[in-house]
Amino acid sequence: MTHSQSNITTAISWCLAWGDKREPNHNLVDLQQMRHALQTGGAVPEGVRSLVEQVQKLQGIADEDFPKKIIELQDKKYNDLWNQTTRIGLVYGGATKIKQYVFEAAKIQDVRGASAILDRINLTDLPAFFEVSEKPNPTSKWLNQHFPGLKAALIPELIIYSTGGNILAFCPAAYVNDLANAIERRYTEETLTANSCAVGDTFRLLEIRFGLLQDSIEQTKWLDWYQNHHTDSFVQAYYGRPEPGQDWEELFKNRKSFNELVGKLASAFNKRRSGNDLDNVERPTRRYPPMFETHPYLQRDETERRNCVIQAKGLPKEPWLSEALARKKIVGQQTKLEHQQSQRWYRRSGFAWRPGLVLSWVNKFRLFLKETQQQKTYYRGLPKNVPWYKVRESRTLEDIAVSCPHTPNSGVTNGFVAYIYADGNNMGGYIQKIRTPEEYQKFSQDVSDATTLSVYAAIAKHLQPRQVSDRNDSSSTWVHPFEIITIGGDDVLLIVPADKALEIAQTIGEEFEKQLTQFQEYQIPKSQQDIKSIQCHRYHPEQAKVSDCKLSMSIGVLITSYDTPIYYAQKLTEQLLKSAKSRAKELKTSKYYGGTVDFLVMKSVTMISSKINSFRQEGLTKVVSEKQTLKLYGSPYTLHELGGLLTTGKAFKKSGFPRSQLYQIRSLLEQGKHTAILNYRYFRVRLGKKAQKLLETEFEKAWCAAKTNNGNLAPWMYDSSKSPTYETIWRELVDLYPFIQEVSETVDSLQNSERVNNRR
């Protein structure tokens with residue numbers, strides 16, 4: 001029995017042994033002995049042994065034993081499971097409208113604090129509801145005060161997953177509403193203004209394996225009925241349509257499983273979140289809604305426009321703060337390990353609320369470096385007199401925007417940062433095939449671990465500490481040049497230096513797939529891998545790898561000035577992510593299941609006044625005729641294409657291609673296909689032979705090869721998948737040019753030195 005199976009066995013057995021009432025049916029000592037025995041392989045107490053055997057029998061039902069007719073669930077084989085009438089609770093909940101809460105603040109310090117509060121609730125407080133400890137902690141005291149009896153009914157094994165801002169857990173049937181209310185109340189009391197939602201329901205033992213069943217079992221629609229109606233539109237809307245190579249019976253089995261219970265809770269969650277009452281549920285529409293007075297004559301805080309309660313004396317400019325903003329600010333300071341003296345303003349405020357344990361992402365990253373033995377690599381740029389533990393966390397976006405200290409003449413533009421927003425692809429489709437709680441638990445943990453490790457690996461590979469000037473004195477200090485806003489489930493939001501943004505984004509996507517393909521269940525079988533999937537790449541498709549992972553990531557990257565308003569940058573980055581996910585969905589028809597990236601370099605806040613898609617359609621797309629459309633951009637890119645774009649950018653820098661001519665050709669793109677081609681050829685032949693050869697290899701043949709002849713299309717690419725369309729990566733190359741480090745010597749300078757040596 002695997003660890004996950006053991007936990008689920010313990011959880012279901014605990015709920016059955018507890019019973020339907022608030023007081024347990026069996027002695028608590030027997031329940032604890034049963035829990036210990038299931039975890040250690042010992043003997044289960046006699047009084048609860050039959051319940052444990054029923055649970056193990058349920059978990060032992062194989063796919064080939066799936067009954068063909070519903071009446072088979074009542075025969076001798078499953079009779080004891082069907083007659084088990086004790087119901088098992090299942091609760092699902094978490095924060096909602098997360099971005100509204102996190103990004104309503106205007107400063108990165110407050111955004112950091114808001115995210116840290118939610119992370120603490122998700123990763124520490126809610127799991128603490130289920131902890132079994134003789135020493136009471138603040139969360140346990142809070143739970144016992146507001147929900148007496150609930151703590152005794154919960155054990156750690158009841159949690160199926162608690163990552164990504166949501167929790168799914170079993171629970172004794174009588175405490176379902178209490179646990180759902182506790183989740184909502186915890187979010188409200190800790191954040192004051194964040195929205196949350198939690199729902200729960202009870203189910204029979206057999207339903208955990210075979211999905212929702214009617215009380216009169218013969219009325220349940222089963223496989224024989226489904227086979228006669230699977231072509232009906234309403235049936236397909238519920239059970240889905242089969243993928244190539246998938247039969248109808250497999251769809252039914254996927255739906256009639258634990259997956260159907262989770263789907264019912266997800267539907268109830270959405271209904272309650274929208275403010276609607278749930279049928280046959282003894283709970284008000286909103287149990288603990290955030291509420292604040294809006295008196296017109298009271299002073300408001302500086303960003304959230306809520307009523308002020310204190311003046312933070314000791315902070316710069318001594319701002320007036322609401323209590324919600326004060327909590328974000330003090331947690332943000334603790335997250336960045338700022339001096340205790342700078343936090344004195346909160347201790348003087350008189351607030352009873354305390355931040356609790358706040359974990360720093362940088363501390364977690366340091367632990368990753370130690371475990372993977374990458375400390376020497378990451379700290380390679382530090383002077384010998386600066387120990388690694390003296391490197392502090394970046395506290396402002398200006399800290400992140402500085403250029404590399406060990407390459408002062410790198411040519412990289414200062415003052416720019418990059419927002420990276422990543423989200424998983426194909427998650428919904430994969431979850432629909434999960435049939436058991438054990439698989440849910442493993443899937444959640446695997447994805448969470450892969451996401452976290454991919455971010456750490458990317459940062460360790462492409463970044464190192466950077467030197468910044470300290471505002472308090474004339475000295476300088478070393479910082480970790482990144483800001484992790486959140487990593488939860490398959491979601492990532494971080495801020496990094498602009499010159500390393502795309503490398504980091506590419507590595508995150510590649511490492512995510514690499515981490516998951518260690519497990520066989522996430523691998524695409526070789527028999528199903530299609531070599532045609534590499535043809536979707538526009539850059540050297542013959543060098544691309546065939547998709548071998550069922551899951552991947554889409555990533556949006558916005559490169560912008562560090563003083564761009566955070567809420568505005570976040571909205572644009574979210575649009576880029578949606579564009580990348582849309583591209584990934586299109587490429588699935590070509591059997592490409594890998595990651596995609598969309599990025600934008602925004603030199604000024606006024607560059608885009610509408611949505612990015614509208615900006616591209618109206619400003620960067622030119623319909624020449626019915627037979628020709630010009631797209632003056634190439635985004636989004638696959639991960640393979642993104643690596644090729646970076647390689648091509650470095651090739652242009654190495655070739656010594658004059659920057660003025662880069663900008664001139666960009667301005668000529670709008671004048672038509674032939675004008676741009678002629679001007680590119682003209683400027684290209686003026687370079688040296690080695691530079692011309694480099695551009696021919698890394699740009700023309702790599703990206704712009706003609707489809708049907710040996711003609712010269714550069715800087716255009718022909719897209720035959722749509723109506724005759726020509727697109728180009730030239731704009732992206734020009735935008736990225738300032739963020740590519742200068743090479744020590746260009747090809748032409750090397751060629752000239754060779755000529756001088758030959759004359760000598």
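Strands are taken here as DSSP runs of E covering at least two residues, numbered from the N terminus, and in the present model, which is predicted, Pro636 falls in the loop between two of them, β16 (628-631) and β17 (637-638). The peptide bond leading into this proline, from Ser635 to Pro636, is cis, with an omega near -5°. A cis peptide bond also joins Ala714 and Pro715, where omega is about 10°, and Pro715 is likewise placed in a loop, in this case the one between α27 (689-703) and β18 (717-719).

Backbone geometry was further examined through residues with positive phi. Lys97, a residue other than glycine, has a phi near 50° and is situated in the loop that runs between β1 (88-96) and α5. Because its relative accessibility is 51% and the threshold for exposure is over 50%, Lys97 counts as exposed. Lys317 also combines a positive phi, near 65°, with a side chain other than that of glycine, and its position is in the loop between β5 and β6. With a relative accessible area of 85%, Lys317 is exposed. A further positive phi, near 55°, is found at Leu337, which follows α14.

Helix α6 was compared with the length expected from its residue count. The helix comprises 21 residues, 108-128, which at 1.5 Å a residue should span 30 Å, and the C-alpha atoms at its ends are 29 Å apart, so the expected and computed spans agree. The agreement is accompanied by a bend of about 35° in α6, located at Ile121. Most of α6 is covered, 18 of its 21 residues being buried.

The corresponding comparison for helix α14, which contains the 13 residues 323-335, gives an expected span of 18 Å at 1.5 Å a residue, and its end C-alpha atoms are 18 Å apart, so that the two values agree. This helix is also mostly covered, with 11 of its 13 residues buried. Among the buried residues of α14 are Ala324, Leu325, Ala326, Ile330 and Val331, together with Arg327, Lys328 and Lys329. The elements that cover the buried residues of α14 include α6 itself, along with α5 (98-102), α8 (176-191), β6 (320-321), α15 (344-347) and β7 (392-393).

Internal empty space was then considered. Rolling a probe the size of a water molecule over the atoms shows where empty space is left. A search of the whole structure returns four cavities of 30 Å³ or more, and the largest cavity has a volume of about 150 Å³. Its lining is formed by 17 residues, and those lying nearest the centre of the cavity are Ala116, Asp119, Leu359, Trp361 and Lys364. At least two lining residues are supplied by each of α6, α16 (361-371) and β11 (483-488), and α6 gives the most to this lining, with seven residues. In composition, the lining of the largest cavity divides into eight nonpolar, four polar and five charged residues.

Two individual residues were also described by their surroundings. Tyr226 lies in helix α10, which covers residues 223-229. Because its relative accessible area is 1%, and burial is assigned under 20%, Tyr226 is classed as buried. Beyond residues up to four places away in sequence, Tyr226 touches Val235, Tyr239, Trp248, Leu251 and Phe252. One of these contacts, Trp248, is 22 residues from Tyr226 along the chain, and the C-alpha atoms of the pair are separated by 8.8 Å.

Thr285, by comparison, is placed in the loop between α13 (258-273) and β5 (310-311). Its relative accessible area of 22% lies between the limits of 20% and 50%, and Thr285 is therefore partly exposed. When residues up to four places away in sequence are left out, Thr285 touches Arg272, Gly275, Asn276 and Asp277. Glu104 is 181 residues from Thr285 in sequence, and the C-alpha atoms of Thr285 and Glu104 are 25 Å apart in space.

Conventions
Residues numbered from 1 in each chain as written. Predicted model: local features only at pLDDT ≥ 70, side-chain atom pairs only at ≥ 80, totals over all residues. Heavy atoms only, no water. Helix = DSSP H or I, 4+ residues; strand = E, 2+ residues; numbered from the N terminus. Buried < 20%, exposed > 50% of the residue type's maximum accessible area, 1.4 Å probe, protein only. Contact = heavy atoms within 4.5 Å. Expected span 1.5 Å × (residues − 1). Bend = angle between axes of the 7 residues up to and from the residue. 1 Å grid on protein atoms, 1.4 Å probe; cavity = no way out; pocket = protein on both sides within 12 Å on 5 of 7 lines; lining within 4 Å. Points joined across faces, edges and corners; volume = space filled by probe spheres on them. Nonpolar A, V, L, I, M, F, W, Y, C, P; charged D, E, K, R; others polar.
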